[in-house]
Amino acid sequence: MQIKIQETALIHPSKPPFTDDHILPLSHLDTDRNLNILFRYLRVYVNSNSQKVQPNFSDPFHVITTVLSSALTPYYQYAGTLRRRNFDNRLELHCQGGKGVPVIRAAVDCCSLSEIKYLDEIDPDEEFVEGLVPIPDQDEAMIHPMTLQITVFQCGGFVLGAAIHHSLCDGIGATQFFNVMAEFARGVTQISAKPVWDRQILLGPRNPPRVEFPIQEFLSLDRNFAPYAEENGRVVREFFHVRDDWLDRLKCVLFEQCGSKFTTFEALGAFIWRARAKASKIPANEKLKFAYSINIRKLVNPQLPMGYWGNGCVPMYTHLIAKDLLQQPIWKTADTIKKSKFNVSDEYVRSFIDFQELHFDKGITAGTRISGFTDWRHLGHSTVDFGWGGPVTVFPLSRHLLGSVEPCFFLPYSSANEGQKDGFKILVYLQQEAVLDFKEEMDKLKNIEQGLL
């Protein structure tokens with residue numbers, strides 16, 4: 001299969017969104033060093049005749065570039081340019097007239113989406129999938145924080161690939177923007193989410209800044225540390241099936257052992273964390289960290305307004321010594337993850353922001369040996385409907401998350417494949433030499449017994 005790039009168009013706002021060039025500050029969550037990355041992911045759409053697409057809107061490239069232009073008037077910041085301030089090296093957004101968002105038009109003429117199972121295969125062709133999403137270099141990503149690619153297949157279906165600089169927004173903020181585009185495509189004249197910026201005001205440091213939560217338990221200072229520079233060999237992408245009955249049995253066994261109920265994220269996260277540690281043969285005395293994000297939009301006081309689309313999550317951490325992770329029952333690890341959620345509070349968020357204010361120039365880091373986890377099963381991607389229905393498959397291509405170079409994603413099965421409704425799939429990045437041992441550990445999930453936990 002070959003992807004043919006046909007053109008790259010620079011899409012401008014349909015109406016001038018401002019009269020004077022200006023600079024917008026980012027929040028301290030936006031400028032977290034772990035978010036100085038490009039996040040890449042894709043959505044797969046089926047172009048079905050049964051869908052009520054507007055007249056003359058049969059070409060996905062025309063549809064999406066047209067509504068992108070409309071959406072860039074209220075959300076003009078996506079066409080801005082990121083630069084670093086001279087006095088503190090933090091990122092800020094420069095907004096100038098005449099700027100736009102690059103959109104790549106591409107085609108695959110040799111096959112239909114159904115032939116490749118709507119990219120829901122357990123082992124999709126990596127080179128082909130990578131070609132469906134833009135991959136700007138670091139300098140280009142600063143100049144154009146958002147780049148899109150629309151790849152149309154022989155069947156008329158298409159893939160919308162997005163590369164977005166994480167300092168500009170998180171997944172929820174990006175989905176808010178794509179939903180506005182989709183509303184315009186469906187003929188809506190009044191958008192549901194009016195954008196709110198005010199990042200420095202809503203999520204700025206206190207005056208004076210103060211760290212009242214013991215953030216230092218998880219974060220340290222190292223001016224020379226570069227996030228995502230930890231490379232101990234080739235990292236590869238692996239997919240795994242997880243059936244509902246396996247999860248039910250896992251949670252049932254954990255309950256039998258300790259009398260506590262655990263969520264899927266806590267129970268399966270603990271299982272995978274230990275499996276990775278075993279497969280990677282990490283020295284027994286090393287400290288390992290489990291990292292995940294918490295949505296703070298309704299947690300902070302006052303709550304963030306509905307249209308806020310900047311980074312609205314904070315990282316949460318828990319840690320164990322490798323030998324404890326490997327030797328203790330999994331229920332204890334799941335309980336450690338569960339208890340880490342108790343730390344989530346307005347004070348935790350404010351202390352995290354103030355810690356960034358006080359120590360940004362000293363190099364804030366969570367260190368190495370971080371396993372980043374995120375759950376994409378309920379993020380609302382299905383609402384991004386341009387007129388053909390929502391995406392049938394969504395998954396990420398980036399492998400940098402929360403300071404981790406080997407993250408794990410919980411992903412839903414494609415809605416286009418009727419046979420796959422049981423459970424979900426896991427996308428794991430790990431060192432190539434650890435893959436076989438990791439697969440052996442994951443096979444144990446199929447036949448959970450008391451002795452294995």
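This passage describes the overall build of a predicted protein model and then its aromatic ring pairs.

The predicted protein contains 11 helices and 17 strands, and its C-alpha atoms fill a box of roughly 60 × 55 × 40 Å along the principal axes. A compact globule with 453 residues would have a radius of gyration near 22 Å, and the protein, at 22 Å, agrees with this expectation. Buried residues account for 55% of the 453 residues, while the protein exposes about 19200 Å², of which carbon and sulfur atoms supply 49%. Among contacts between residues at least 6 apart in sequence, 81% join residues that are at least 24 apart. The side chains include 48 positive and 53 negative ones, and the centres of these two sets lie 4 Å apart.

The structure also holds 26 aromatic pairs. One of them is formed by Phe128 and Phe153, which meet edge-to-face, with 6.3 Å from centre to centre and 80 degrees between the planes. Because Phe128 lies in helix 2 (residues 126-130) and Phe153 in strand 7 (residues 146-153), this pair ties together parts that are 25 residues apart in sequence. Phe128 and Phe153 are both buried.

In another pair, the ring centres of Phe410 and Phe424 are 5.5 Å apart and the planes stand at 35 degrees, so the pair is tilted. Phe410 belongs to strand 16 (residues 408-411) and Phe424 to strand 17 (residues 424-431), and the pair thereby links distant parts of the chain, 14 residues apart. Phe410 and Phe424 are likewise both buried, and ring pairs join these two residues with Phe265, Trp273, Phe290, Tyr292 and Phe373 into a cluster.

Note on methods. Residues numbered from 1 in each chain as written. Predicted model: local features only at pLDDT ≥ 70, side-chain atom pairs only at ≥ 80, totals over all residues. Heavy atoms only, no water. Helix = DSSP H or I, 4+ residues; strand = E, 2+ residues; numbered from the N terminus. Rg over C-alpha atoms; globule rule 2.2 N^0.38 Å. Buried < 20%, exposed > 50% of the residue type's maximum accessible area, 1.4 Å probe, protein only. Contact = heavy atoms within 4.5 Å. Areas by Shrake-Rupley, 256 points an atom, 1.4 Å probe, with all protein chains shown as cover. Lys, Arg positive; Asp, Glu negative; His and termini not counted. Charge placed at Lys NZ, Arg CZ, Asp CG, Glu CD. Phe/Tyr/Trp six-rings, centres within 6.5 Å; stacked < 30°, edge-to-face > 60°.
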